[in-house]
Every structure is written in structure tokens, then in C-alpha cells.
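User: I'd like to learn how to read a model like this one. Could you walk me through it?

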Amino acid sequence: MSGYCRSILLNEMAGGSMIATELTDIRRELAQIGNNINQIAKRVNSGEDTDISRLPEIINDLRDEINKKLARVR
């Protein structure tokens, strides 16, 4: 049964491999976002003067990119 399910999920006609690729890309982007946020937090917590004024704009742009990728998967 698991072999059958796997073949259905990965079937090109069902878009399985495309979905897997898109989800892998989204996971990679989210990891990069997390790393960037951790770097910002480290600098802020260490007292370093850090300009985060553009951060909301950057987050919105990243959210839009992720939503575009998710729309292709749906």
C-alpha cells in the first residue's frame, strides 16, 4: 500500500514531483529567514546598533514569495 501511495504522490500527472520541489524550496527559504532573524536578534541583544526599519517590508516581500509558491502547489 505504501508503495502505491508513494507512486501516486510522485506521479507527474498528479504534480507530485513539482509539489515536492516547491515544498523543498519553501522549506529552504523559511530556514534562511529564520537564520536572518536569529542574526538580527543576536546583534540587537548584543547592543549593536542595528537598523531594522526595513524589516517589515522585507518580511512582507518574503511572505508574498512564499504565498506565490504555495499557490502553485495548491
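Analyst: Let's go from the overall fold to the surface, then to salt bridges and one glutamate.

Analyst: Two ground rules before we start. This is a predicted model, so local features need pLDDT of at least 70 and side-chain atom pairs count only at pLDDT 80 or more, while totals for chains, interfaces and linings use all residues. Residues are numbered from 1 along each chain as its sequence is written, and side-chain values use heavy atoms, with hydrogens and water left out.

User: How many helices and strands are there in the protein?

Analyst: Helices (H or I, at least four residues) and strands (E, at least two) are DSSP runs, numbered from the N terminus. Here you get three helices and zero strands, so the order from the N terminus reads α-α-α.

User: And what share of the residues counts as buried?

Analyst: Buried means under 20% relative accessible area, exposed means over 50%, and partly exposed is in between (1.4 Å probe, protein chains only). Of the 74 residues, 12% count as buried. For accessible areas, the method is Shrake-Rupley with a 1.4 Å probe, and for residues only the protein chains shown count as cover. The protein's accessible surface is about 6100 Å², with 56% of that belonging to carbon and sulfur atoms.

User: How many salt bridges does a search of the whole structure find?

Analyst: The criterion is a side-chain nitrogen of Lys or Arg within 4 Å of a carboxyl oxygen of Asp or Glu. The search turns up four. One of them joins Asp 25 and Arg 28, at 3.1 Å from N to O. Those two sit three residues apart in helix α2, which means about one helical turn separates them. Asp 25 is partly exposed at 21%, and Arg 28 is partly exposed at 46%.

User: Which other pairs meet in a salt bridge?

Analyst: Among them is Glu 48 with Arg 43, at 4.0 Å from N to O. Both ends are partly exposed: Glu 48 has a relative accessible area of 42%, and Arg 43 is at 42% too. Arg 54 and Glu 57 also pair up, at 3.8 Å. Arg 54 is partly exposed at 47%, as is Glu 57 at 43%.

User: What about Glu 29: buried or exposed?

Analyst: Glu 29 is buried, with a relative accessible area of 19%. It lies in helix α2, which covers residues 16–45.

User: Which residues does Glu 29 touch?

Analyst: Contact means heavy atoms within 4.5 Å. Leaving out residues up to four places away in sequence, Glu 29 touches Glu 65, Ile 66 and Lys 69.
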